[in-house]
Amino acid sequence: MIDSNTAVTLSSAKNHLVKIACNVHKFGGSSLATSACVERVVDIIRQHCQLNDIIVVSANGNTTDALFTLYQLAVELQEITLLNTEQVSRSHDVSTLRENLLVTITALDATQAQLIDELLNASSAARLKSLLKQDVAQITENLLSDPLSDPLSYQNDLLAFGEVWSARLLSAVLSESVCPSYMLDARDFLLLENEKNCAVDYSVSQENFLPLQKQDQLVIVTGYIARNQQQQACTLGRNGSDYSATIMAALSGAGNVTLWTDVDGIYSADPRLVPLARKLHRLPNAVANELGRLGNPVLHAKTLQPLTNHNTHLHVASSFAPEVSGTEIGKFGQIAKQELSVTSLNDLILAKSTSFLAKSGELAVSEFSPICYNLDEGYLVVTQAQQKALSQWLASHDTEVTFRPVAIIAIVGHSVAKQGDMRARFKRALKHQQSLHFLHAFNEHSYIAVLPEPCSSEILNNVHADMTKDAKNIALVVAGLGNIGQRFLTMLPKQIARVSGLDNVHLVALVGASKALINTDGIDVANALLHYQQQAQPYDSEQLLTWLTNHPYDELIVVDITPSEDFSHLYEEFFARGIHVIGANKWAASSSTENYQQLLKTAEKNNSLWLGNTTVGAGLPINSSIKELMNSGDKITEISGIFSGTLSWLFQFYDGTTPFSALLSNALTQGLTEPDPREDLSGRDVQRKLLILARAAGFELSLADIDCQNLVPELLRDISLEDFLQRTSELDELFLLRLQQAQAKACGIRYVARFISEHGQVSAKVSLEELSHNDAFSQLTPCDNVFQIKSEWYQENALIIRGPGAGRDVTAGGIHADLVTICQQLNHRQQQVKIKGLN
């Protein structure tokens, strides 16, 4: 039972919207199957709804199936009863059927009563059980009546009880623990002008609905049911509650509709049959319509019809995982239009007749809305349920017809019939499967193959694998638009064009220090910086995380090229959301041991990838080399080298003939140092790099474990930058003395990082060392980095990696190398879909 003491009251002034501000929410039967499911739904309503929203519900769990079973038993009982009563042999059948019918009614009554008791307090439960008792008595009386009056009409009245019970219960639970609520029976206002195709009379329905609304209360409306022109109950067919939800949106002018179901979105195939189906995060309206028409298990064929003339967005999400971003249906840009899916339908009939040629064929298409057709060849493909009506229509035309059982398999995507290679690709995917006909739909959003045998899951899986294997969409967010960030973006168009692993990478966000440009439909990579300058808006971390939480892509990569410690604090939030990070930023990888270990755990738990080869050595493959050695089973014993391009340049040129301060000023003018050269001279940057490499080698270290020699005298450390730059001459005597001491030993001076693991003990330091001129660390091109690795496999002859350790091109290139690596890994990932409602 929900605790009313902890309930949050909904009001117009106090909402708890987590995702999008939806106006209509529909909950299916699996979402309401048990008391635990209902409680989950109540939490969703508490978090996502406003008082003026509309909640549409299906019958709880398997209630509709149970009611239909009751109807079938009653019809069978009537048929037997109407036989000659003198046939004594039938009396046993009558008795058995009456007993089965009563047992089924009792079980249904018990299931509903149990839900009521588990979810409501005693007073509310007593009221609802009293109403349930009256309904059950009415059902029993009607089903056992002799004869059953108007069986077909009563079937719909009987099935409507499921929706009424569900709406009544949810309304009572909400009123008790969340907010004032009331239920509406859709039969009281929803009128169909054509029961055959479930077309709604919107004018009359809206006129009926408006006076039934209550202010400051949340309305719960029955789905699936309505009334026809004869004021009889009728149903809206398969997944009819979805159709009810969009009808309610059209009647109320709602801006958004969310269909809460047991799957967290619409997939590239039925995930129950194709475990490797991909979620389609965004679907254009026309594609969604075509999917619904051709058998998608989530979309009702008529669901989108009421939204045709409304600017309403449709959202499909899972009530079992409300935190997971689902599928949106609406108007989107080119990226969403690239999605491709596979669907199938069995139990179809191919009807061929001369009456399906030319003009008379157009009449048949208008009358029966076939799955597919070819009026040049004179055939239609319809459902088996339409065969009788089709035969009667043809009889009036006095023409012959042949019927053949068939199935279809189709690929669906935006204007696929206009894509030159799609027909050939689909045919190749079906090369081992016989097909009777191969055609595209009139709307050009699907290619359809008509099969002589039912479409098996094996066929569906094979075609899906062939048609969608390259379709995973990866979103790219670039944070940091300084020199390296700009160079990375300049290189991006050529990289996407020439590297196959980046085919489906889409730049969707540019993030600066205070402004961001986010475009879900993609940012033109060729003009990205110009778009940023023209369109970027102020943002904060919470806004950024909100968008990243709900991004509509298969995967999302954040490329962090900022020097910001604050931005690195977002990494755990990224990893918790399954977002991947490429970090040129050193802060996270060199943070406290506790934080670093927590980041690794969070990333692993959520299958997030974290690459940072450019945190040390720019584009040099030092991080990746250490990782490869570790993965191959080697054990690293020593990491040493010159890790700072700035200090490499300074000490490679410093020979005592030019004062050190003059050399430092020259480096600052060339942009080789940080704006404050003390950042380089402090050794902290080298210290962090050594820590990153030691951790990559499997050692648990912190910065405090690495001795760091600060080359800035204490008197110059805490003064202003302006004062420091005026007093740099005070460094000259200090460095000249160190150099002369080294020269006396035929050595030079270099700033060196060293990590050593020996006999279970580790030592680590960064400091100014005296090195022989023959030492590998002395023979560098200015600005070069050098890394020396010793391990069990590289003892006598150490592994040395040397090259430019800084620079726009090499660093941006290193980030691109990480991007290719991470995209290759993501494109090879295969994750099976979990259907929550079936677990």
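Helices and strands are taken here as DSSP runs, with at least four residues for a helix and at least two for a strand, numbered from the N terminus. With that naming in hand, Ser-415 can be placed in the loop between β16 (402-413) and α12 (422-429). The model described here is a predicted one. In this model Ser-415 has a positive phi of about 50°, although it is not a glycine. Ser-415 counts as buried because its relative accessible area is 15%, and the limit for a buried residue is under 20%.

A second residue can be read alongside Ser-415. Ala-618 also is not a glycine, yet has a positive phi, of about 55°. Ala-618 sits in the loop between β25 (610-611) and α20. With a relative accessibility of 6%, Ala-618 is likewise buried.

A step back to the whole chain gives the setting for these details. The protein chain contains 28 helices and 31 strands. Along the principal axes, its C-alpha atoms fill a box of roughly 125 × 65 × 55 Å. The chain has 839 residues, of which 52% count as buried. Contacts in the chain often link distant parts of the sequence: among those between residues at least 6 apart, 73% join residues at least 24 apart.

Helix α14 (residues 483-498) offers a handy check of geometry. Its 16 residues, at 1.5 Å a residue, should span 22 Å, and the C-alpha atoms at its ends are 23 Å apart, which agrees. Even so, α14 bends by about 40° at Leu-492, and a proline, Pro-493, follows within four residues. Leu-492 is also one of the buried residues of this helix, a set that further holds Gly-485, Phe-488, Leu-489, Met-491, Gln-495 and Ile-496. As a reminder, an α-helix has 3.6 residues a turn, so residues three or four places apart point the same way. The buried residues of α14 pack against three strands and two helices, namely β19 (474-479), β20 (505-511), β23 (555-560), α15 (528-535) and α28 (808-827).

From β20, the chain can be followed to Gly-512, in the loop between β20 and β21 (515-518). Gly-512 counts as buried, since its relative accessibility is 13%. Leaving aside residues up to four places away in sequence, Gly-512 touches Tyr-532 and Tyr-539. Gly-805, by contrast, is 293 residues from Gly-512 along the chain, and the C-alpha atoms of the two are separated by 25 Å.

Three helix pairs show how helices meet in this model. The axes of α6 (residues 202-209) and α7 (residues 240-252) come within 10 Å and cross at roughly 75°. The two helices are therefore roughly perpendicular, as crossing angles of 65 to 115 degrees are counted in that way. On the α6 side the contact is made by Tyr-202, Ser-205, Gln-206 and Phe-209, and on the α7 side by Ile-247, Met-248, Ala-250 and Leu-251.

For α10 (residues 358-368) and α11 (residues 387-395), the axes come within 12 Å and cross at roughly 145°. This crossing of α10 and α11 is right-handed. Ser-360, Leu-363, Ala-364, Glu-367 and Phe-368 of α10 meet Ala-389, Leu-390 and Trp-393 of α11.

The remaining pair is α20 (residues 622-631) and α24 (residues 684-696), whose axes come within 9 Å and cross at roughly 25°. An angle under 35 degrees counts as roughly parallel, so α20 and α24 are roughly parallel to each other. Their crossing is right-handed. The contact involves Ile-622, Asn-623, Ile-626 and Met-630 from α20, together with Ile-692, Leu-693 and Ala-696 from α24.

Lys-627 also belongs to helix α20. At 48% relative accessibility, Lys-627 counts as partly exposed. The C-alpha atoms of Lys-627 and Glu-163 are separated by 58 Å, with their positions 464 residues apart along the chain.

One more loop residue, Ser-591, completes the account. Ser-591 lies between β24 (580-583) and α19 (593-605), and with a relative accessibility of 16% it counts as buried. Apart from residues up to four places away in sequence, Ser-591 touches Tyr-596 and Arg-695. Ser-591 and Ser-702 are 111 residues apart along the chain, while their C-alpha atoms are separated by 7.7 Å.

Terms used: Residues numbered from 1 in each chain as written. Predicted model: local features only at pLDDT ≥ 70, side-chain atom pairs only at ≥ 80, totals over all residues. Heavy atoms only, no water. Expected span 1.5 Å × (residues − 1). Bend = angle between axes of the 7 residues up to and from the residue. Buried < 20%, exposed > 50% of the residue type's maximum accessible area, 1.4 Å probe, protein only. Contact = heavy atoms within 4.5 Å. Axes fitted to C-alpha atoms, helices over the stretch in contact; angles between N-to-C directions. Parallel < 35°, antiparallel > 145°, perpendicular 65-115°, else oblique. Left-handed = near helix turned anticlockwise from the far one by under 90°.
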